Amino acid sequence: LAMLVEFDRLLASTEWLTIVGYSFRDDHINAALTRWMNGSSARRLSVIDPDIEKWMQDGGGAPSYFARLQRGASGEGYEFGSRAMWTPIQTDFLPLGAAQGLEQLHG
């Protein structure tokens, strides 16, 4: 629990989050990402994974949270729970390995 509280605290001070090699299958982390995304429309999320292109195709075997995140962040108005809509934010979905993706985003 202490690690999740600290993770939320660190996310709150982050404007650009880059995710590399995460499966999007941990409900606790996904909840923290949802809270972070909905904190400000000025935030930016970058996801680097060689399987991104496959995930973004219909029936591509994407983790269910990734599919919701992608639609919500794009401004499609995907609802989470029954309470609110996602805040659209800037996103980068790079179908690359970690080294190439980080180089492309951050030089």
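A residue is termed buried when its relative accessible area is under 20%. In this predicted model, that term applies to several residues of helix α2 and to members of an aromatic cluster. The cluster is formed by Tyr22, Phe24, Trp55, Tyr65, Phe66 and Phe93.

**Helix α2**
- Helix α2 covers residues 27–37, and its buried residues are Asn30, Ala32, Leu33, Thr34, Trp36 and Met37.
- Where α2 starts, the backbone nitrogen of His28 has a side-chain oxygen of Asp26 within 2.9 Å.

**Aromatic pairs**
- The model holds 6 aromatic pairs, counted by a cut-off of 6.5 Å between ring centres.
- Phe24 and Trp55 form an edge-to-face pair, because their ring planes meet at 80°, with the centres 6.1 Å apart.
- This pair joins distant parts of the chain: Phe24 belongs to the loop between β1 (16–20) and α2, and Trp55 to helix α3 (residues 52–56), 31 residues apart.
- Phe24 counts as buried because its relative accessibility is 3%.
- Trp55, at 11% relative accessibility, likewise counts as buried.
- Phe24 also pairs with Phe66: the centres are 5.4 Å apart and the planes stand at 55°, so this pair is tilted.
- Here too the pair links distant parts of the chain, since Phe66 lies in helix α4 (residues 64–73) and Phe24 in the loop between β1 and α2, 42 residues apart.
- Both Phe24 and Phe66 are buried.

**A charge over a ring**
- Arg44 is placed over the face of Trp16, 3.9 Å from the centre of the ring.

Key. Residues numbered from 1 in each chain as written. Predicted model: local features only at pLDDT ≥ 70, side-chain atom pairs only at ≥ 80, totals over all residues. Heavy atoms only, no water. Buried < 20%, exposed > 50% of the residue type's maximum accessible area, 1.4 Å probe, protein only. Helix = DSSP H or I, 4+ residues; strand = E, 2+ residues; numbered from the N terminus. Polar contact = N/O pair within 3.5 Å; in protein donor to acceptor, adjacent residues only side chain to side chain. Phe/Tyr/Trp six-rings, centres within 6.5 Å; stacked < 30°, edge-to-face > 60°. Lys NZ or Arg CZ within 6 Å of the ring centre and 35° of its normal.
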